[in-house]
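Some words used for protein models rest on a number and a cut-off. How does one get from the number to the word?

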Amino acid sequence: MKVTLAIATFCVMAAYSSAARTTTTTATKPGRFLSLPVPAKCASRPKEFSYRGKNMFLTTHVPALANKKVDWLDGRNLCREYCMDLVALETQEKNNLIFRVIQQNDVPYIWTAGRICDFAGCENRPDLEPKNVYGWFWSATREKIQATNRIPQGWGYNPWSQTGHKKRPQPDNAEYDINQTKEQCLSVLNNVYNDGIAWHDVACYHEKPVICEDNEELLRYVAATNPGIRL
Ligand SMILES: *[C@@H]1O[C@H](CO)[C@@H](O)[C@H](O)[C@H]1NC(C)=O
């Protein structure tokens, strides 16, 4: 069963930009928005590997993007220009594939589409409380992420790390304790805490490589508005 959050992608963007305004990064990054797809980039997007018909690529593999590290929103936008979005890890099978890609390429971490729903549009939602357990979702598809504190249904392990900066199971919002910067975004960290490869909540301003995945909404939109385009 696919459970989606009744919130617009726009809200994610708006929330992110208002959050950004309250941090020290504000001066350089005022008012941030989601990017629109660029038809020519969609048509020539890197198709490095695929899962269930969705093309994906890891930025470190694409010569023009090889050294690129981006914060979470810039990561979404980098992908969106290609009619893609940050990768969502909805199933164990897909998660294992992505873990393998990260390990085989010796990448220390990537951004995923995961985000906590703690912005306008997420209030008065008892089903999202407590947020650190039930409030996470895949922003690319608005699909909910299962409870963080147990093995997800259909999985054989909990993808969230059982340790981190505070030596506590993730998500732990650790940077908030240091300087009130919330850990609102979901990163796969490759053994950073001697914990193997696993999910961690991380403050969204950190800059990381990303894995982009085809986004059906954006591909449909570009196909509909560009007759004859080959995607
Ligand atoms: C908060 O602490 C982290 C970790 O020490 C640091 O990287 C970051 O720049 C700090 N952020 C602010 C807003 O001071």
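The questions below go through one predicted model.

Q: How confident is the predictor in the protein as a whole?
A: On a scale from 0 to 100, the mean pLDDT of the protein is 90. Of its residues, 87% reach 70 or more.

Q: Where does pLDDT stay under 50?
A: It does so over residues 7-28. The model has 28 contacts beyond four places in sequence for that stretch.

Q: Why is D106 called exposed?
A: A residue is exposed if 12 or fewer other C-beta atoms lie within 10 Å of its own. D106 has 8 C-beta neighbours inside 10 Å, so D106 counts as exposed. D106 lies in the loop between α4 and β4.

Q: What is notable about the phi of D106?
A: Phi of D106 is positive, about 55°, although D106 is not a glycine.

Q: Is K167 buried or exposed?
A: The cut-off for exposed is 12 or fewer. K167 has 10 C-beta neighbours inside 10 Å and therefore counts as exposed. K167 is in the loop between β6 and α6, and its phi, near 55°, is a positive value in a residue other than glycine.

Q: How do you know that the span of α4 fits what is expected of a helix?
A: The expected span is 1.5 Å times one less than the number of residues. Helix α4, residues 92-104, has 13 residues, and 18 Å is expected. From first C-alpha to last, α4 reaches 18 Å, close to that value.

Q: Which residues of α4 are buried, and why are they said to be on the same side?
A: The buried residues of α4 are N95, I98, V101 and I102. They cover an arc of only 125° around the axis, which puts them on the same side of α4. On the other side, E93, R100 and Q104 are exposed. Strands that cover the buried residues of α4 include β2, β4, β7, β8 and β9.

Q: What is I211 in contact with, leaving aside its neighbours within four places in sequence?
A: I211 is in contact with M56, L58, V87, I98 and I110. In the largest nonpolar core, which has 44 residues, I211 is among those with the most contacts inside it.

Q: Which peptide bond that ends at P130 is cis, and where does P130 lie?
A: The bond from E129 to P130 is cis, with omega near -10°. P130 lies in the loop between β4 and α5. The bond from Q170 to P171 is also cis, with omega near -5°.

Terms used
Residues are numbered from 1 along each chain as its sequence is written. This is a predicted model: local features need pLDDT of at least 70, side-chain atom pairs count only at pLDDT 80 or more; totals for chains, interfaces and linings use all residues. Two residues are in contact if their C-beta atoms, placed from the backbone, lie within 7 Å. Helices (H or I, at least four residues) and strands (E, at least two) are DSSP runs, numbered from the N terminus. A residue is buried if 20 or more other C-beta atoms lie within 10 Å of its own, exposed if 12 or fewer, and partly exposed in between; C-beta atoms are placed from the backbone. The arc is that of the directions from the helix axis to the C-beta atoms. A nonpolar core is a set of buried Ala, Val, Leu, Ile, Met, Phe, Trp, Tyr and Cys residues joined through C-beta atoms within 7 Å.
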